[in-house]
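Q: Please give me a close look at one part of this model, the buried interior, and walk me through which residues sit there and what they touch. Plain talk is fine.

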Amino acid sequence: MNNFEKRLLLNYIFRLRNHINYGSYGFEELLEILMKEFHIKRKNFAYDEYGSLMTETLKQRTEVKRKLKVILVDLIEKLPVLNTKLEERFELIRNIYNLDDNEYQAFVFLQMSEINTAFEFLEQALSGNSFDNFCKNYLKIRSGEKERIINDLYLNKLITSKSSNPSIYQDMIKVFDDKTCDTPEKITKVLLGKPEKASLTLKDYSHLEKETKMAINILKSAVETKAKGINILLQGFCGTGKTQFSKLIANVCKVPLYAVKTENTNGNEAKREDRLADLYSKQQILSRSGNACILFGSCNHGLSPARRRLVKRA
């Protein structure tokens, strides 16, 4: 466990100590890790003849909490603050998505339980819903602010759903599993994947010469002037080559093109809100780039019924 993980774990336990279930399996396993990592003597706590922590009665649990507090205060005072690669990576993520303090703290809490067993056991030891517990008793925020945080983290594709106890998105776990992923460029490469490549050529669209030149000029001009929010809408029946045309135009202009997902991890059609979240996430990641564009195919799924009718009339 590195310095950042140690500081974070001690801080979490100390500030959440009144909301931990000391009789839980999660706490007993967490305590074992604490004793090993910080060289805490086992005799500080009472164990029965079978080697189990004695927490059956209220008096026993109160005594465990009291002794733990004394140990935590001493450890926190003595532990130095050192820079770590892990903390730097969290800061890179924070800057990429422009997270505010509460969003950042919530993301770190959720992410750490995915990459470090000690934090997973802490999550299990917290009474009730662990994320609710963290938001209410660590961040000191109300339910409305918690919902805002969940919504923003979901839109940034940092968590998989808007549930009350969310999970970290798989791509973000990959970022932290890869020790070489330590620059904004490397992180965005993992999160975005490879740019789209066309399988057709300009000759395949010779019947759309005028439209092709127009689209190329619009995209090139947008890149040269670093203009943002430039949209090109392609309308047509399924199978007429709109997606390949989009990829081709981007390739000709030498602009990296990233597609909003159309399927979920199970291979089923992605829901409208999931596609919009993927679009929002890619916009956030690419917002600092002056040379990239996003492909939003089958845009009817991302439009309200009223807007769909307007597109059909166009």
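A: Let's settle one word before we start: a residue is called buried when its relative accessible area is under 20%, and exposed when that figure is over 50%. Also keep in mind that this is a predicted model.

With that cut-off, start at F90. Its relative accessible area is 0%, so F90 counts as buried. F4 comes out at 7%, and because that is under the cut-off, F4 is buried as well. These two rings belong together: F4 and F90 make an aromatic pair with 5.8 Å between the centres and 50 degrees between the planes, a tilted arrangement. It's a link between distant parts of the chain, as F4 sits in helix α1 (residues 3-15) and F90 in helix α4 (residues 85-97), 86 residues apart.

That pair is one of 13 aromatic pairs in the structure. Another one to look at is Y12 with Y138. Here the ring centres are 5.2 Å apart and the planes stand at 90 degrees, so the pair is edge-to-face. Y12 is in helix α1, while Y138 lies in the loop between α7 and α8 (143-155), so to speak a reach across 126 residues. Both Y12 and Y138 are buried. They also have company, since Y12, F109, F119, F134 and Y138 form one aromatic cluster.

F109 leads us on to S130. This serine is in helix α7 (residues 130-137), and with a relative accessibility of 4% it is buried. If you skip the neighbours within four places in sequence, S130 touches F109, E123 and N165. In other words, one of its contacts, F109, is also a member of the aromatic cluster.

Next, helix α5 (residues 101-115). It packs against helix α9 (residues 170-177) with the axes 11 Å apart and an angle of about 70 degrees, which means that α5 runs roughly perpendicular to α9. The crossing is right-handed. On the α5 side you'll find F107, Q111, E114 and I115, and they meet M172, I173 and F176 of α9. Sorted by type, that contact has 5 nonpolar residues, 1 polar and 1 charged.

Further along the chain there's helix α12 (residues 242-252), whose axis comes within 10 Å of that of helix α11 (residues 209-224), crossing it at roughly 55 degrees. That angle is why α11 is described as oblique to α12. This crossing is right-handed. From α11, the contact uses E211, T212, A215, I216 and L219, and from α12 it uses F245, I249, A250 and V252. By type, the residues at this contact split into 7 nonpolar, 1 polar and 1 charged.

α12 also has a run of buried residues: Q244, F245, S246, K247, L248, I249 and A250. Among the elements covering them are α11, β1 (257-259) and β2 (293-295). F245, I249 and A250 are on that buried list and also take part in the contact with α11. One last detail to check on your screen is K254, just after α12, where phi is positive at about 60 degrees.

Key: Residues numbered from 1 in each chain as written. Predicted model: local features only at pLDDT ≥ 70, side-chain atom pairs only at ≥ 80, totals over all residues. Heavy atoms only, no water. Axes fitted to C-alpha atoms, helices over the stretch in contact; angles between N-to-C directions. Helix = DSSP H or I, 4+ residues; strand = E, 2+ residues; numbered from the N terminus. Parallel < 35°, antiparallel > 145°, perpendicular 65-115°, else oblique. Left-handed = near helix turned anticlockwise from the far one by under 90°. Contact = heavy atoms within 4.5 Å. Nonpolar A, V, L, I, M, F, W, Y, C, P; charged D, E, K, R; others polar. Buried < 20%, exposed > 50% of the residue type's maximum accessible area, 1.4 Å probe, protein only. Phe/Tyr/Trp six-rings, centres within 6.5 Å; stacked < 30°, edge-to-face > 60°.
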